[in-house]
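Please look through the sequence and the structure shown here before reading on. The paragraphs that follow begin with a single residue and then widen the view step by step.

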Amino acid sequence: MSRGIPEPKLTAVDAMIDKLTGAIFLFQIVVVVVLGIAGNVWKDTEARKLWYVMYPIEKPWYELLIIPLRFELLCSIMIPISIKVSLDLVKGLYAKFIDWDELMYDLETKTPSHATNTAISEDLGQVEYILTDKTGTLTENKMVFKRCCISGTYYGNESGDALKDISLLDAISGNTPDVIRFLMIMAICNTVVPVKCSTGNICYKAQSQDEEALVNAANLLHMSLTNKNGSVLDVNFNGRMIQYEILDILEFTSDRKRMSVVVKDLQNGVILLLTKGADEVILPYASHGQQVRIFFDAVEQYAQLGLRTLCFGCRELEDDEYRNWASLFKEANSTLIDREWKLAEVCQKLERDLKIIGVTAIEDRLQEGVTETIETLRKAGINFWMLTGDKQSTAIQIALSCNFISPEPKGQLLMITGKTVDEVLQSIERILLTIRITTSEPKEVAFVVDGWALEIALRYHKSEFTSLAILSRTAICCRTTPSQKAQLVALLKSCDYRTLAIGDGGNDVRMIQHADIGVGISGREGLQAARAADYSIGKFRFLKRLILVHGRYSYNRTAFLSQYSFYKSLLICFIQILFSLISGMSGSSLFNSFSLMAYNVFYTSIPVLTSVLDKDLSENTVMQNPQILFYCQAGRILNPSTFAGWFFRSLFHAVVVFMITVHAYSDEKCELEELSMVVLSGCIWLQAFVVVIETNSFTLVQHLAIWGNLVGFYIINYILSAIPSVGMYTIMFRLCRQPSYWITLFLIVALGMGPVLAIKYFRYTYRPSKINTLQQEERFHGGRILTIEECESQENPLEKDLSPVTIVHNKNRNPVYEPLLSDSPTATRRSLGTSINFDSFQPIQPRFFSSHLRNLKSN
Amino acid sequence: MEMIHVEEISTSALRSRQISSIHHLRQISFTPKRSKKSEVIYKFTQQNLHACKLSLTPQLVISLFLLMGIIFVPIGFVALHASRSVVEIVNRYDTECMPDEFKSNKVAYIQDISVSKNCTLAIKIPKFMKAPIHIYYQLDNYYQNHRRYVKSRNDKQLQYGLHYIQTSSCMPEEYSNGYPIVPCGLVAWSMFNDTYSFVRHGAPLFINRKNISWKSDRDHKFGEKIFPFNFQNGTLIGGKTLDPTIPLSEQEDLMVWMRASALPSFRKIYGRIEDDLDADEVVFVNIGNNYNTYTFGGKKKLVLSTSNMLLGGKNDFLGLSYITTGFSCIFLAVFFALLHVKNQRPDHDTSHFSWTRKNTIS
């Protein structure tokens, strides 16, 4: 269920490069066809008169194809094959930079960041949507049992910690039955395995952090699960040993949102059903007559504080009832088809008429730096969606506390509600209307949707929901299943947005696999998500650096590298075309085959590779001006129009190199080998200066590569010129001795680079992009944009606030939202609380049916 | 070039502080002392190598253009002077040497063996010409760079003669009468065969025809013991015939010819006059006008030229383009300077910094 088949991922940059390659290919075909026709015409009109070429009079039928094919051979270098190799190399290095980055090293868990997928770093710089899980991603996933409400009595409200609440301790020592039952559920309604620790105490191995927190809390409240021996559990309560036999476990699924155990009290033989789960799946099954209003209130109150709530219920089972049910359960368990669905159906039969015991509240603290990371990335124009399995009010509360959404009046929260298809539609349309009205106002509009409404919206109102998704920059989706998370990712992807999914648990795996970029937090819920992800990081706050620094640099560097690769190939190709115009359209090559090969492999590949070290802006500047990411998101640095610039630059340079050489080396000096070497040298010199002018920051490596490459060119050609059997024998020695060679090269460089420099300078100074402006800023301030203090407050969440943001405990806080619409979270809650209508609140059955349908479809 | 050093103070300060704990941690476990080399590697891994930024400041760009102009203009004048100091006399003779009766049918003239091809040209020396005076023949509209032509040769055969038999590249001049041809190929076959002899003051003027080819060709490319064989024996006679008793390494005309030209208009050296020629002197040239350029309308010219150290022959192009480029650079520098003065924007004002975002697609 949680795993899907991951598709191979292609970055937007790669897709763009492919598109440009296609365009160049078309251009190549056109050139070949045009030159081929021209060549054939020239051959028939002119070349036949050239007796020294000795064209045969009789020609086979395929003769017409020969010249076009010659041109095809000449032009085949137009598409640089080396680009793939270079890109793979630099992408590998981008990934390594992520692995090596010590600023993304999690000291706490000692995990470095890791790029599993080395091919998609550029996409990080183009992210437009981040879909984030809540638990373990935004929060620490360090669950601590904080409060509880047992049969209407609140514990832990005063001190903030139920474990220290004297009234609770009193109730335990006083053997209050409900409290005992409550503790019992905490201790045994789970799949926790107690093990002996090295220290001699009991440790618990739990799959779920919540369960671990509950068992630990029960342990502290003198109800300790000491041993699990097969299906028999030993529970030590206040020194008294109680044994339970587990008869059945009704497992937790994300659709059922609850789990139950059937236990037999070995002391008195009573069979008990113990259930824990989300409030909306427990409270509706309360036995008739029980007042559940207090529990609703408790859940509401805890959720307002951002605590995770679980409701506990139990029921004593008659032997007969259990026996009947057990056989059904066994049957369902052994079916092969739709087992999950059938099991759920059977479980449903047992989990009814519950006696609600109480509500627990578990705290999950926010990770450090989450607020600031979200704020920065939001400034960078990235939209955030929170997809959580938690309940709505908890999610909203967490969202508020981490700046995910702003409180009124700055922000506005809109709810998609409704239990039926029409209600959901109405709700969506109403929200669409509201958003369209308020777009003029600078308000942060966010919408909230729960799993049930989301299911309906995705199934029946996809187009409306899509337009809503596009309009709203923030969304909170609660109670979502893993497949819904993946569906939402797919929805955003279908709108051509670059999505990044970040999560930590197994339930995020599908979302992570479906998103353009999957980021896993190697957290407490295991490494499942981190393994499926393209990138794994230790903490949510590293996301900022991952995107703004690594993503952005990668995008910029790849954009330069790929366009430059095209530029250099086009340059040599244009020269060949120009040469063919003066060589009788016969398709002769100006360069010998070695030079052609070496041009792509040695002469031009190394300097540009050093662009992996290029930084247009310092990391600090980017962090402080995250808006600059817009240039990457919008693809401003690699797109058809920038590519056209490079295209014409190579055309211009080809003309410059060729025309100057042809004129400077005319008459008695126009020997083929010499002239071709002058042209080649001209190209190599221009290449070097193009790299120089396009490089923003020079490290020693860049200087070595650029100038070393130039020296290398001469060394290689000197060596070749020393071998008598090679066509180039003595050519380079002869050339380097001629002053006119150097004068020509100097002229080529000046005429080739002068206009480029002039235009670049003009743009940089008088039509500056935001990047240029920031570069000027950097220069003006000598690299220090802000003072150190300012940087620290911006940069260093470690020192800024050592105590992580905890949820504000403010009981008397009025409902945070004053929404325009009546369907606010509180309003819905209220109406639900006052008139509990269970008939309309039966989502379980149809939900299962729908997910069943979905499964069938996906199969 | 002015490089502006950007010491990323803040970053490094931050890093050092933030990382110091990591360092501490790692230093205990991995590296007790960081050598200089590993420090560089460490900085590389953190993408934090010391970097200089090249900033296009007005000062830098304007002075760069100005400097370029200042350098280019003098070089241009020197080059132009060097080029102008060369005395060059160009005489087109393919039409001059055509008897009037053949003017309408030039091809018939050149292909008719019975007609005498000799003709005399009087050249008046306009200026004093200092020895050595190079004699070139110039062919226009002659495609030595044509693919079929330029490939039709075999360098191995030129060096090793008949021992080297893989000469298929020489098609269609590989075999004649069933025997291989040395030197094979269209290039050798179509060798230029006009002859020039000079007469001054009624006496023949000595022309040095040695050392006109590249020394490397004589020494390493054309075999010392390789003699022409079966050359120009076919039904179609291309150009010059070679003396089969002289080895290829001494056939300098062949070597010169076989250095293919990249351009359709080219000059090749014929020989050198080793006497000075005075101004207003008249030199008579006896031309054997044998080479057929008439079928394709090619021009033949005889060129006498002195040389200079800087550029070799006469070539105004480099000088003129240097001067033009230089003045353009100065013009650009002035233009940018004016622009800079006129547009003194309040420097580094970020108050106007507004981020216009891509609107949501609706």
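Thr695(A) sits in the loop of chain A that runs between helix H25 (672–694) and strand S21 (697–698); the model in which it appears is a predicted one. Is this residue buried or exposed? Thr695(A) has a relative accessible area of 6%, and because burial is assigned under 20%, Thr695(A) counts as buried. Leaving aside residues up to four places away in sequence, Thr695(A) touches Asp614(A) and Gln702(A). A polar atom of the Thr695(A) side chain also lies 2.6 Å from the backbone oxygen of Val691(A).

A residue in another loop of chain A offers a contrast. Ser198(A) belongs to the loop between strand S5 (193–196) and strand S6 (202–205) of chain A, and Ser198(A) counts as exposed because its relative accessibility is 80%, whereas the class begins over 50%. To gain a sense of distance within the chain, one can compare Ser198(A) with Leu272(A): these residues are 74 positions apart along the chain, and their C-alpha atoms are separated by 34 Å.

From single residues we can turn to a helix. Which residues of helix H2 (residues 63–75) of chain A are buried? They are Glu63(A), Ile67(A), Pro68(A), Phe71(A), Leu74(A) and Cys75(A). The elements that cover these buried residues of H2(A) include helix H1 (12–45) and helix H19 (542–582) of chain A.

Seen as a whole, chain A contains 33 helices and 21 strands, and 61% of its 859 residues count as buried. If one considers the contacts in chain A with a separation of 6 or more, 74% of them are accounted for by residues 24 or more positions apart.

Chain A is also divided into domains. Its domain assignment gives domain 1 (7–138 + 369–389 + 480–785) and domain 2 (140–365), and the C-alpha centres of domain 1 of chain A and domain 2 of chain A lie 59 Å apart. In the contact between them, 10 residues come from domain 1 of chain A and nine residues from domain 2 of chain A. The size of an interface is often given as the accessible area lost when the parts come together. For domain 1 of chain A and domain 2 of chain A, the buried area is about 750 Å², of which 46% is on carbon and sulfur atoms. Between these two domains of chain A there are zero salt bridges, and the rule likewise finds zero residue pairs in polar contact across their interface, where both residues must be at pLDDT 80 or more. The side of domain 1 of chain A that touches domain 2 of chain A nevertheless has five charged residues, together with two nonpolar and three polar ones.

Chain B can be read in a similar way. Its domain assignment gives domain 1 (56–86 + 311–343) and domain 2 (87–307), with the C-alpha centres of domain 1 of chain B and domain 2 of chain B lying 41 Å apart. Five residues of domain 1 of chain B are in contact with six residues of domain 2 of chain B, and these two domains of chain B bury about 380 Å² between them, 50% of it on carbon and sulfur atoms. Of the area that domain 1 of chain B buries against domain 2 of chain B, 79% is supplied by Val86(B), Gly312(B) and Lys314(B), more than by any other three residues. The two domains of chain B have zero salt bridges between them, but one residue pair is in polar contact, with both residues at pLDDT 80 or more.

Finally, we come to the interface of the two chains, A and B. Here 118 residues of chain A are in contact with 106 residues of chain B, and chain B and chain A bury about 9,900 Å² between them, 65% of it on carbon and sulfur atoms. How many salt bridges are there between chain B and chain A? The count is four, and a salt bridge joins the side chains of Glu778(A) and Lys53(B), at 3.0 Å from N to O. Across the interface of chain B and chain A, 32 residue pairs are in polar contact, both residues being at pLDDT 80 or more. Helix H1 (residues 9–29) of chain B gives the most to the side of chain B that touches chain A, with 14 residues, and the residues of that side divide into 53 nonpolar, 37 polar and 16 charged.

Key. Residues are numbered from 1 along each chain as its sequence is written. Chains are lettered from A and ligands numbered from 1 in the order in which they are written. This is a predicted model: local features need pLDDT of at least 70, side-chain atom pairs count only at pLDDT 80 or more; totals for chains, interfaces and linings use all residues. Side-chain values use heavy atoms; hydrogens and water are left out. Domain bounds come from an automatic or database domain assignment. Contact means heavy atoms within 4.5 Å. Buried area is the accessible area (1.4 Å probe) that two parts lose on being put together, summed over both. A polar contact is a pair of N or O atoms within 3.5 Å; within protein, one must be able to donate a hydrogen and the other to accept it, and residues adjacent in sequence count only if both atoms are side-chain atoms. Ala, Val, Leu, Ile, Met, Phe, Trp, Tyr, Cys and Pro count as nonpolar, Asp, Glu, Lys and Arg as charged, and the others, Gly among them, as polar. Helices (H or I, at least four residues) and strands (E, at least two) are DSSP runs, numbered from the N terminus. Buried means under 20% relative accessible area, exposed over 50%, partly exposed in between (1.4 Å probe, protein chains only).
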